Amino acid sequence: GVKLLEAEPDSAEKAFCYGGLAHGLFRVLDLEGALRHGKQALQIAERLNNLNQVGQTCTDFACALASRGELAQAEEYAERSWQVAHRPWFKARANIYPIMIWPWRNDRAWLEQCLERCLEHRRRSYMERYDVIMHRLVGLLSALTGSPQKAAEALRRAEEAASGHPYLDPGLAFSAGAAYAVLGEWEQAKRFLVGALEAAESGHEPHYSVEACMYYGRFLLGSGDTAKAEEVLTKGYALAHDKGSVLQELNLLPLLCELHVKTGSLEQAEQDLRHAQELLARPQPWRGLAAPVHLAEGILATARGNWPEAERAFREALEVERTHGFLYHEARVMVAWGEMHLKRKGPGDRERGMELLDQALAIFQRCAATKDVEKVLGKKGLLGA
């Protein structure tokens with residue numbers, strides 16, 4: 001079909017066909033094909049001076065670039081799509097895709113900006129198409145930033161909206177699952193995370209499958225199911241690596257490193273970490289994505305007894321989370337850092353370790369992260385504190 005189009009003159013229909021093909025190829029993680037045909041669609045739309053098609057194509061083009069880890073360019077195309085698109089549908093896509101379709105960026109400012117645009121457009125356009133995912137993302141943002149009541153209300157509104165449209169984006173339910181996990185509602189979290197992964201796999205959507213594996217794998221790690229976590233994370237990483245989805249690799253590798261430290265496979269953890277560091281060394285605006293890599297560095301250094309490296313890594317992880325990431329994740333760094341001090345058992349280490357655990361506990365309580373509160377209290381109880 002594409003061959004037949006090549007000889008056709010420029011038209012809105014031709015640009016639409018190339019753009020639709022590019023979007024479909026992205027959804028199956030054929031990133032090279034998505035970029036190639038997306039470029040063809042964009043060039044035609046530009047020659048026709050069809051700004052809505054330029055905006056639509058830039059939106060999809062940015063998704064493929066982001067997945068390949070080319071974030072600087074992806075941000076440029078995403079901003080261009082937002083600037084030029086003026087019809088409500090194209091504007092809505094430009095607003096939501098960078099946080100709905102792009103892999104997770106661990107970037108608070110990015111998530112806040114995109115959500116603000118989405119919600120403002122929703123107020124003006126009355127478009128309901130993306131209500132479910134918007135409410136879920138508001139729920140996740142609120143949970144991660146210490147506003148549990150706002151998170152619960154957003155998740156309630158998401159479920160209310162989804163009840164009327166159960167067929168809309170079931171493979172994207174992982175954002176709700178992640179929010180419920182933070183809030184300590186593990187049964188709800190598992191229901192959404194497993195459901196998202198099953199929907200993505202049955203729908204043959206590898207992009208969503210990898211993303212669901214990341215969220216579900218992180219949940220399994222946190223809940224202590226390392227066997228299942230290894231199965232899920234390994235499956236997700238193999239697919240992301242095979243398809244060249246760099247941003248998804250960068251999200252999965254620190255989790256794999258943490259998993260392999262927990263299972264005592266330190267050489268494998270070292271390989272996971274080295275690959276993550278290689279990706280992070282590329283000149284891109286990674287921002288909050290650096291924090292999990294530094295956290296993994298600290299966890300592995302602690303397991304090896306490399307205390308100076310562990311101190312450096314945890315300090316950097318906390319700095320990046322405070323600058324770009326989320327309050328809840330700051331507490332996770334503090335717990336790991338505190339455990340390092342308690343394991344080292346040097347002068348002042350017990351006091352510093354307990355101080356970090358107390359700081360983490362205060363954050364978890366603010367976030368209403370009940371399972372994390374229980375874990376920290378359990379650690380303190382074992383220490384007689």
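Alanine 200 lies in helix H11, which covers residues 186-202, in what is a predicted model of the protein. With a relative accessible area of 1%, alanine 200 is buried, because any residue under 20% is placed in that class. Leaving aside residues up to four places away in sequence, alanine 200 touches Gly171, Glu205, Tyr208 and Ser209. A second residue, histidine 324, gives a sense of distance across the chain: alanine 200 and histidine 324 are 124 residues apart in sequence, and their C-alpha atoms are 29 Å apart in space.

From this single position one can step back to the whole protein, which has 20 helices and zero strands. The radius of gyration of the protein is 22 Å, close to the 21 Å that the globule rule gives for 385 residues, and the protein is therefore as compact as a globular protein of that length. Along its principal axes, the C-alpha trace spans about 75 × 40 × 35 Å. Of the 385 residues, 56% count as buried, and alanine 200 is one of the buried residues. Among the contacts with a separation of 6 or more, 63% are accounted for by residues 24 or more positions apart.

How the helices are set against one another can be followed in two pairs. In one of them, helix H3 (residues 31-48) packs with helix H4 (residues 51-67) at an angle of about 160°, the two axes being 9 Å apart. Since angles over 145 degrees count as roughly antiparallel, H3 is roughly antiparallel to H4. The crossing in which H3 passes H4 is left-handed. On the H3 side, the contact is made by Leu31, Ala34, Leu35, Gly38, Lys39, Ala41, Leu42, Ala45 and Glu46, while H4 contributes Gln53, Val54, Thr57, Cys58, Phe61, Ala64, Leu65 and Ser67. Sorted by character, the residues of this contact divide into 11 nonpolar, four polar and two charged.

Helix H4 also holds glutamine 56, a residue that counts as buried because its relative accessibility is 17%. Once residues up to four places away in sequence are set aside, glutamine 56 touches Phe16, Phe90 and Arg93.

The other pair is formed by helix H15 (residues 266-280) and helix H16 (residues 290-304), whose axes come within 10 Å and cross at roughly 150°. By the cut-off of 145 degrees, H15 is therefore roughly antiparallel to H16, and H15 passes H16 in a left-handed crossing. The residues of H15 that make the contact are Leu266, Glu267, Ala269, Glu270, Leu273, Ala276, Gln277 and Leu280, and those of H16 are Ala290, Val293, Ala296, Glu297, Leu300, Ala303 and Arg304. This contact of H15 with H16 divides into 10 nonpolar residues, one polar and four charged.

The tour ends in a loop, where arginine 129 is found between helix H7 (108-125) and helix H8 (131-144). At 28% relative accessibility, arginine 129 counts as partly exposed, because that class takes in values between the buried limit of 20% and the exposed limit of 50%. Measuring from C-alpha to C-alpha in the model, arginine 129 and histidine 165 are 9.3 Å apart in space, with their positions 36 residues apart in sequence as the stated separation.

Technical notes
Residues numbered from 1 in each chain as written. Predicted model: local features only at pLDDT ≥ 70, side-chain atom pairs only at ≥ 80, totals over all residues. Heavy atoms only, no water. Axes fitted to C-alpha atoms, helices over the stretch in contact; angles between N-to-C directions. Helix = DSSP H or I, 4+ residues; strand = E, 2+ residues; numbered from the N terminus. Parallel < 35°, antiparallel > 145°, perpendicular 65-115°, else oblique. Left-handed = near helix turned anticlockwise from the far one by under 90°. Contact = heavy atoms within 4.5 Å. Nonpolar A, V, L, I, M, F, W, Y, C, P; charged D, E, K, R; others polar. Rg over C-alpha atoms; globule rule 2.2 N^0.38 Å. Buried < 20%, exposed > 50% of the residue type's maximum accessible area, 1.4 Å probe, protein only.
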